[in-house]
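This report describes the fold, the core and selected residues of one protein. The sequence and the structure are shown first, and the account follows.

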Amino acid sequence: MPDRTPHATSTTERGSFCSARCACGWRGPARRARSQARTDAERHLVDAEAGTAPHGPLE
């Protein structure tokens, strides 16, 4: 059964770190490079489309 949780990613900054987040509750690791945080978000969306994405914070 496909995941029905909506996936909408964004990035947030805290100090000199940036992390990706998703509406489903997923959160990527803190990164110094914004580009890497965006890549984390893109990978999460690809995984979500394939049905292999984690379903909660830091899973």
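## Fold and core of the predicted model

Of the contacts in the protein between residues at least 6 apart in sequence, 25% join residues that are at least 24 apart. The model is a predicted one, and its secondary structure comprises 1 helix and 2 strands. Read from the N terminus, the order of the elements is β-β-α.

**The hairpin.** Strand β1 covers residues 9-14 and strand β2 covers residues 17-22; the two pair in the antiparallel sense, over 6 bridges. One of the bridge partnerships joins T12 to S19 of β2. Between the strands of this hairpin lie 2 residues, and G15 takes a positive phi near 65°.

**Surface and burial.** The protein has 59 residues, and buried residues make up 24% of them. Its exposed surface is about 4,200 Å², of which 49% is supplied by carbon and sulfur atoms.

**The nonpolar core.** Which residues make up the largest nonpolar core? This core consists of 5 residues: A20, C22, C24, W26 and A41. Residue A41 touches two other members of that set, A20 and W26, and A41 also touches T9, when residues up to four places away in sequence are not counted.

**Two positions in the helix.** Helix α1 spans residues 34-50 and includes D40; S35 is found in helix α1 as well. Is D40 buried or exposed? D40 counts as buried because its relative accessibility is 8%, and the cut-off for burial is under 20%. S35, in turn, counts as partly exposed because its relative accessibility is 43%, a value in the range between the cut-offs of 20% and 50%. The table sets out the two residues.

| Residue | Relative accessibility | Class |
|---|---|---|
| D40 | D40: 8% | D40: buried |
| S35 | S35: 43% | S35: partly exposed |

With neighbours within four places in sequence left aside, D40 is in contact with A20, W26, P29 and R31. Two of these partners, A20 and W26, belong to the largest nonpolar core. A20 and W26 are also touched by A41.

For S35, a separation from the hairpin is available: the C-alpha atoms of S35 and S19 are 10.0 Å apart, and the two residues are 16 residues apart along the chain. S19 is the bridge partner of T12 in β2.

Key. Residues numbered from 1 in each chain as written. Predicted model: local features only at pLDDT ≥ 70, side-chain atom pairs only at ≥ 80, totals over all residues. Heavy atoms only, no water. Pairing = 2+ DSSP bridges. Helix = DSSP H or I, 4+ residues; strand = E, 2+ residues; numbered from the N terminus. Buried < 20%, exposed > 50% of the residue type's maximum accessible area, 1.4 Å probe, protein only. Contact = heavy atoms within 4.5 Å. Areas by Shrake-Rupley, 256 points an atom, 1.4 Å probe, with all protein chains shown as cover. Core = buried A, V, L, I, M, F, W, Y, C linked by side-chain atoms within 4.5 Å.
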